[in-house]
Structure formats: structure tokens, C-alpha cells
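Here are my notes on the structure you sent over, mostly about charged side chains. Have it open while you read.

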Amino acid sequence: MQVMNFARTLMAAAILLLQAGGAMAQGGQAAQARLIVGDSAISATRGELAVDIALSQPAPFRTRILAAPPRVVVDINTVDWGGATIPDQGNAVAAQRLGHLPDGWARLVLELNDPWLPATTEQRVDPDTGRARIALRLSRATDEEFDMGAQSEARFVARTHPALLHPDAAPPPPEAPRRPVVMLDPGHGGIDPGAERDGVRESDLVLQFARILREELLRRGVFDVAMTRDADVFVSLDGRIRAARAAGADLFVSLHADALPEGMASGTIVYLLGDEASDDSAAYLAERHDRADMLAGVDMTGNTDEIARVLMAVAWQDTAPRAQALAETLVDHVGEAGLRLHRRPVQSGAFTVLRAVDMPSVLIELGFMSNPRDMAQLQDPEWHAHMARVLADALEGWQEEDTTLQGLRRR
Ligand SMILES: [Zn+2]
């Protein structure tokens with residue numbers, strides 16, 4: 001029976017996501033939904049507790065239950081509560097709390113007077129107005145049934161959404177933030193040396209540089225740093241994103257110094273995942289079983305390609321401007337320091353390693369081993385130290401600005 005509740009919840013999420021996908025395709029973008037207070041209500045009869053959340057447009061949602069005390073949690077991505085609460089007709093619930101999670105989801109927690117278990121959850125969209133209604137119908141359960149349901153859900157959540165385990169946990173206080181984690185990704189390694197010139201391997205150069213950049217970043221005490229490899233070993237492209245997830249990375253910086261056959265390219269380039277490339281990320285990840293690597297916090301297993309596409313589009317809307325700002329900040333600092341930039345220093349492409357749509361990711365070509373002047377710099381320890389300082393300055397500057405912007409966005 002507990003499993004049935006899950007199936008119902010997940011199915012409801014699937015229906016609404018398909019609807020949201022349609023709305024997004026028509027509208028071209030998914031602005032934030034607003035709560036329509038007048039059409040929303042919580043009410044109870046002897047046998048049913050009804051929760052209706054009216055929204056200005058459809059939005060992905062998920063629900064679950066928590067025991068001691070019995071609670072129902074509804075997460076919506078994303079909704080502006082507008083400082084309101086949902087009208088409760090006749091004190092149908094003991095308390096309600098509305099807030100926003102650090103990752104952009106909005107959360108409604110209903111503290112229940114009695115053990116009620118979700119019977120049906122759905123979202124319907126009015127085709128004329130484009131407005132949506134999330135409707136939860138809960139039926140009376142015994143305390144034992146509720147606790148069993150909550151335990152079963154907790155196990156499921158622990159396995160699939162570890163980040164969701166503590167729904168009521170307050171975000172960390174602003175005066176003591178966790179240090180953001182930079183994932184440095186020295187390209188190639190092991191059986192894949194990358195570019196090679198005069199017996200020098202790109203995989204060795206970028207590993208040396210990554211270690212210097214790590215030291216520089218750690219010395220400043222702003223970031224924690226992890227690396228996808230710290231030895232001459234092969235790591236798959238997916239494995240690099242998995243490593244970033246495992247480290248709880250906040251941003252991803254891949255380091256390369258490739259050679260181009262024409263030999264004309266020179267100077268530093270920062271690559272981003274292009275919007276088109278992020279679109280076909282959905283197609284790409286559809287072939288993979290470990291889709292969660294592309295988007296943390298949402299269980300992609302068993303979701304259809306369409307749902308995956310919508311979830312990724314929602315995440316990418318937040319991430320794309322942050323990644324763009326990161327690339328521009330990096331390039332500005334490199335240019336201002338008098339280091340050589342490529343004539344088109346910010347470019348986008350469909351790099352597999354940049355496909356985590358919810359984590360700003362860039363690929364830096366430090367220079368090109370195919371260009372003699374770049375090659376000399378890439379082997380110069382002083383140039384390494386200078387470039388590491390400049391990139392660390394840029395990452396620090398971007399982080400500060402990004403934190404401010406994200407704070408503003410959540411208000
Ligand atoms: Zn490379």
C-alpha cells in the first residue's frame with residue numbers, strides 16, 4: 001500500500017511534467033508560477049482532506065509524507081508564494097509553512113491534525129487560462145499505517161534523494177556559509193594522453209596546472225577543491241561528472257591544452273555548454289542509465305525522455321546565465337592580466353563533460369600545444385603560477401557576485 005502511494009505520487013508528477021512541457025514549448029520559457037490564493041484551499045470532511053493549490057501556470061511538483069508529527073510536504077519547482085498562506089477552511093490542518101529551498105524548489109509543509117495518507121495527487125491545467133491546479137486528496141489512516149508509509153518513503157528518499165532527507169532544515173545562516181566546492185577536471189589521463197608535442201603530453205601539463213590552481217584556491221580559503229583525477233589515470237567523461245556529484249561540487253572547471261591540426265589557434269578559450277547542446281543533453285542522457293549525473297536531486301530513473309527534458313530545461317534556465325557569467329569573468333581576468341586570449345575567447349559547444357545542467361561548468365583551453373608560443377608558456381612554471389592566480393581571482397570574483405545574485409533571486 002505504501003508502494004502504491006509512491007506510484008501514485010510519481011505518476012502525478014509525470015502527468016504534470018508532460019503538461020508543463022507543453023506549456024513551456026508554447027510559451028517558449030517557464031517563468032515562475034504564482035500562487036493564486038483565492039482559488040486555493042485546504043478543507044476536511046470526515047473521510048477526506050483536500051488540498052488545492054492554484055497556480056498561474058503549471059510547474060513540476062513532488063509530494064511525500066513525514067511522521068512524528070504527521071506531515072505532508074509538497075515541493076513545487078518553482079512558485080512565488082507571494083507572502084500568502086493557503087486558506088484553511090475550519091482548521092483542517094494544525095499548521096502550514098511555506099518557504100523556498102536553496103536549490104530553487106518552493107516547499108509547503110502541512111502539519112496534520114490526524115494521520116492522513118495521500119490517496120491521489122494530480123495537476124490539471126485549464127487549457128483556456130493556462131492556469132494549473134495541484135490537487136491532493138488524502139484519506140484517513142491509522143497511526144500505524146501512517147508511520148509505515150512514512151518509513152517506506154524515508155527509505156525510498158534516502159536511496160534516491162539523499163538531499164531531501166531533511167525537509168525542515170533551515171538553510172545555513174548567511175554569516176557561516178559552507179565553502180563552495182570547485183571541481184577541477186584535468187583533461188585526459190592514462191591511456192588517453194590528449195595532445196602530444198615533442199614528447200610532452202597534454203594530460204601531464206593540465207594535471208600539473210590543476211595542482212597549482214588547487215594550491216592557489218585552497219590558500220585563499222574561499223573554496224574547497226576536489227579533482228576528478230590527481231594521477232595519470234583514465235577517467236571517463238561521465239565518471240568526471242559523477243566525481244563532481246560525489247564531491248558535492250558547486251562548479252566544474254575542466255582544464256585542457258589541446259592541439260588543433262591547423263595550428264592557427266592560440267590563446268586561452270573558455271567553453272560553455274551551448275543552449276542547443278543542452279537541449280540535446282536530454283537526448284544524450286536518454287541513452288544512459290545514470291541520468292541522475294546530469295541533474296542532481298531528481299530521480300531520473302524510470303522517467304520518460306519528455307519528463308527528463310522538462311526537468312533539465314527548468315534547471316538549465318537557472319544555470320545557463322550563471323555559467324555565462326563565469327566564462328565572461330574568467331576571460332575578463334585573463335585579458336586584464338595581459339595573458340593571451342583567443343580572438344573568440346568565449347565559445348560554446350556540446351562537450352560531454354559540461355552536461356550537468358544544474359552546475360555551472362566551463363572548459364578552459366589554457367592554450368594550444370599546436371601553437372609554438374602557447375607551447376612555451378604551457379611549459380613555463382612562472383606562467384603556470386601567474387595563470388593560476390588570475391583564474392583564482394576570477395573564480396573568487398564570480399563566486400561573490402553569484403552568491404549575491406542567487407540571494408536576490410530567492411527573495
Ligand atoms: Zn584536451
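The points below go through the salt bridges, one helix and a charged patch.

1. Before anything else, keep in mind that this is a predicted model. Every distance and accessibility below is computed from that model.

2. On the overall tally, the structure holds 18 salt bridges. I picked out a few of them to look at one by one.

3. Start with Arg 137 and Glu 48, whose side chains meet in a salt bridge at 4.0 Å, N to O. Arg 137 sits in strand β11 (residues 132-140) and Glu 48 in strand β3 (residues 48-55), so this pair ties together parts that are 89 residues apart in sequence. Arg 137 is partly exposed, with 22% relative accessible area, and Glu 48 is partly exposed as well, at 38%. Since the cut-off for a salt bridge is within 4 Å, I'd look at this contact by eye.

4. Next, Arg 322 and Asp 402 form a salt bridge, with their closest N and O atoms 2.8 Å apart. This pair links distant parts of the chain: Arg 322 is in helix α6 (residues 305-336) and Asp 402 is in helix α8 (residues 381-409), 80 residues apart. Are these two buried or exposed? Both Arg 322 and Asp 402 are buried.

5. Now for helix α3, which covers residues 202-220. Its 19 residues reach 27 Å from the first C-alpha to the last, close to the 27 Å expected at 1.5 Å a residue. The buried residues of α3 include Leu 205, Val 206, Leu 207, Phe 209, Leu 213 and Leu 217, but charged ones are on the list too, among them Glu 202, Arg 214 and Glu 216. Just after α3, Gly 221 takes a positive phi of about 70°.

6. Within that helix, Arg 220 forms a salt bridge with Glu 216, the closest N and O atoms being 2.9 Å apart. Why can they pair up along the helix? They are 4 residues apart in α3, which means about one helical turn separates them. In general, an α-helix has 3.6 residues a turn, so residues three or four places apart point the same way. Glu 216 is buried at 9% relative accessibility, whereas Arg 220 is partly exposed at 24%.

7. Those two also belong to something wider: Glu 216, Arg 219, Arg 220, Asp 393 and Glu 396 are linked in a network of salt bridges.

8. Finally, have a look at the surface, where Asp 143, Glu 144, Glu 145 and Asp 147 form a negative patch. Of these, Glu 145 is found in helix α2 (residues 143-160) and counts as partly exposed, at 31% relative accessibility.

How values were computed:
Residues are numbered from 1 along each chain as its sequence is written. Side-chain values use heavy atoms; hydrogens and water are left out. Patches are made of residues with over 30% relative accessible area and no salt bridge: like charges are joined within 9 Å, nonpolar side chains (Val, Leu, Ile, Met, Phe, Trp, Tyr) within 5 Å. Accessible areas come from the Shrake-Rupley method with a 1.4 Å probe; for residues, only the protein chains shown count as cover. Lys and Arg count as positive and Asp and Glu as negative; His and the chain ends are not counted. The place of a charge is taken as NZ of Lys, CZ of Arg, CG of Asp or CD of Glu. Helices (H or I, at least four residues) and strands (E, at least two) are DSSP runs, numbered from the N terminus. Buried means under 20% relative accessible area, exposed over 50%, partly exposed in between (1.4 Å probe, protein chains only). The expected span of a helix is 1.5 Å times one less than its number of residues.
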